[in-house]
Amino acid sequence: MNQQQEIVQHVFHFIQADASGEKDFNELALRLYAYQYQYNLPYRSFCMQKGKTPRTVKTWKDIPPVPINAFKDATLSCTGPEKAEAVFMTSGTTKGIKGKHYHPTLQIYDQSMTLNFKKRFMRDIEHIRMGILFPKEKELPNSSLAHYLALAVKKFGTKESHYLVNENGIDMNRLLDELHHAEETGEPYALLGASYSFVHMLEELERMGKTFSLPKGSRILDTGGFKNQSKELELNDFYLLLSTTLGIERSECINMYGVTELSTQFYDKGNESVPSVKSGPHWIRTRVINPLTGEEVPKGERGVLVHCDLGNFNSVTTILTEDVGIELENGFFLLGRVQGTEAKGCSIAVEEFLKAASKGVSE
Amino acid sequence: MRELAGYLPDIGETEFETKILTFQSKNETVEVEIPFLTTEQMDKVIEKVKKASAETLKSFSISEIVSIIDQAIVRLLDRDSLYRQKAEKLLPIVTGYDEEIIRLGLTSYLKTFRKKELQRFLIEDLGNPLLLDDFQPRVKGGFSKALGPNVFTHIWSGNVPALPLWSLISGLLVKAGNIGKVPSAEPLFSGWFAHLLVEVEPRLADCLAVVWWKGGDEEREHSIFEQSDVVVGYGGNDSLQSLQNRIPVTTRFLPFGHKISFGVVSQSSLDSRKTWQSVHQAALDVVRYDQQGCYSPHIFYVQHGGKVSPKEFARFLANELENFQKRHPRRELSMEESVSMAAWRQREEMIIFSNPNNEVLGNQANDWTVVYEENNIHFTPSSLNRVIKVIAFETIENILPYIAPHRSLLQTVGIAANPNELFEWAELLGKTGVTRITALGSMTSPEAGWHHDGRFNLLDLVNMVDIEAAAEESSEQFAPYVD
């Protein structure tokens, strides 16, 4: 067994266990750190520059977090990127460059997803009829969300589950059929997809004047958010509208928070009140830091989220997001992605400069 | 603590809706209450200012106006005076800048509006300041008089303290009635100055107003601009564009967009003794108002070939910024600013992988950052708040192609060079669109009578009224003394 296989085995068993203590988590995090320090060369340079070597890093909290933008500039992988079973890319780009996350095998990603999904979304049931408001994996081979949803359908969907988007957007006829079918038969139904697709769906249903009362046990999973997610009112309106239009309790409207640069997702326990508390499984831990100093902020204060995901055995376990949040006893509040800052004075801000430069109006 | 902002002429009403802006810095909070007028009240204010400008302000001689402004400025320069004390106490809380930076900045800025500077200001633009009082003979024949607008509206923006004084004083010098809209980032100084002027000369009471409304309030802006002769606007190009769309073609619009400035350091200035001085001055330009001014540097281009290398210059600069951090700490940043700054620095750190000659210098708390770059000349803005690039270059011609595409965004260049280079470089930089060249250390304090973004401060505000020679000659034949 080569070293990667050993690492994968170790991670696999760790995830399979029911829970983990601080000591076990630390041990695996440090093992992965040593492995990534050795084989992921850009990461090693990054760590050396920070003065953090396997010898000085004593706990998972010491592992230097890699800013998500680095996935755009550097190839963060312990194995040759050409050997990857899957390459997930970010949707956002800077100057046309997408962040890339290499997975030499999807074994761990899939294991992480299914165990966590079962526990947080399926809960009491084994299978459910699903409608997917997102393109198929085939159409978006580099989308981690497309893969995630395909996996959800494959493992937990009944065979009548369907994709509800086509090249023209949401297939409303199909959607209406599905919703009517659920109402008539009383068979619980699950709608899963990108948050903005739900917004479009709600607009369409409102235009048609249609509302539904889906059977008990039906549920919703949205992810990705829409602009200004930090605005409580807008989020609140979103879930209120979802709940009243489809007749699903807000506690059954689950929001998933995931990023391309991780192999593990976070969920809430429904959105009765917003913002909801997000939490992840025992193989991922989150810290909330002051972005300037890198120090943890006191509990209850706003900061930027740093995730240490042991499912990321091949890239880097620890990433620094641009998501603002607040640490809580049982998880964290996700307050949304930081928007660009405007100029305070009369000096030009980076965004404005880029905008002017791209339009050519600065000439 | 609560402070009333703004200034209103007497329009026979005392009840105004107000808007409260709350500012917090460290452990102190200030609530700024600013009048928010109804459209009818605003119309009354404009009417009042227009009338007072025509009847009162225009009857003052220019030397009287200069003297009134001078007296107001003298009071503001006096650290024991009421408004100066308010400024020193409240502006650090409102803007977040260090107290000493504000105190020093105010003094160096205000002293450019003393009587002798105002006189220079007038001569610079008009040649003969009496043009503002009377018809003056012209060299070509005939007579001319410079007439300022009756209503001059200012849309100020940004948090650099006291910046509105530029246009407000320019307006006063051309005897315009002034209506200013304060920026919500620093709503206080312009109102204090208005009160002070009226204390010095009570007859000015109805000649100006300092108010607030929410930017983009189309109906209100349309109505105000309709009634203005000249509008000056500060801000980003997007907001200026939307202002322009609401300004009738008969109203003159003077937009001042956000700008980018930089420094150029010649190898001739880089000896072991003089470099320290240049570095100190360069650091001051970075530290003052944390680079938020349009004249603040984003980049220093440093020439190879001196006794001190560009890389050493960068390290010295880092050292100097660390010293300043102790004396004049940076403004506290918001979460958004912190994240964007951290992201900027991390990105620079990642670039080192592909360009090992680069250096990213900073302290643990990210209070400042110096990025040194070699073999990669470019022109991109800094994320500000004491983030500066030092880029090595061989000849000025290497830099120009990177700057030239951004012509409309260029403003100040701080230069450390010998006299020959100064003029040669000024020629080349001027052609690319730079409008102001100054010494390092002076970037943030333009001298009296400067041409803001290359334009005239006063000439752009006035209309010249000409009596042509023909009229003068022809009048002679109708004189009672004609033979």
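This report describes the overall build of chain A in a predicted model and then follows one of its strands, E9(A).

## Overall build

Chain A contains 10 helices and 16 strands. A compact globule of 363 residues would have a radius of gyration near 21 Å, and chain A agrees because its own value is 21 Å. Along the principal axes, the C-alpha atoms of chain A fill a box of roughly 65 × 60 × 40 Å.

Of the 363 residues in chain A, 45% are buried. Among contacts in chain A with a separation of 6 or more, 64% are between residues 24 or more positions apart.

## Strand E9 and its residues

Strand E9 of chain A spans residues 219-223 and is mostly covered, with five of its five residues buried. In a regular strand, side chains alternate between the two faces of the sheet. In E9(A), A:Arg219, A:Leu221 and A:Thr223 point one way, while A:Ile220 and A:Asp222 point the other way. The residues on both sides are all buried.

## Neighbours of E9

Which strands pair with E9(A)? One is strand E8 of chain A, residues 189-194, which pairs with E9(A) in the parallel sense over five bridges. In this pairing, A:Leu192 stands opposite A:Leu221 of E9(A). E8(A) and E9(A) also belong to a right-handed β-α-β unit, together with helix H8 of chain A, residues 195-208.

Another is strand E10 of chain A, residues 253-257, which runs parallel to E9(A) and is joined to it by four bridges. Here A:Asp222 stands opposite A:Asn255 in E10(A).

Methods
Residues numbered from 1 in each chain as written. Chains lettered and ligands numbered in written order. Predicted model: local features only at pLDDT ≥ 70, side-chain atom pairs only at ≥ 80, totals over all residues. Helix = DSSP H or I, 4+ residues; strand = E, 2+ residues; numbered from the N terminus. Rg over C-alpha atoms; globule rule 2.2 N^0.38 Å. Buried ≥ 20, exposed ≤ 12 C-beta atoms within 10 Å, placed from the backbone. Contact = placed C-beta atoms within 7 Å. Pairing = 2+ DSSP bridges. Right-handed = clockwise from strand over helix to strand, strands pointing away.
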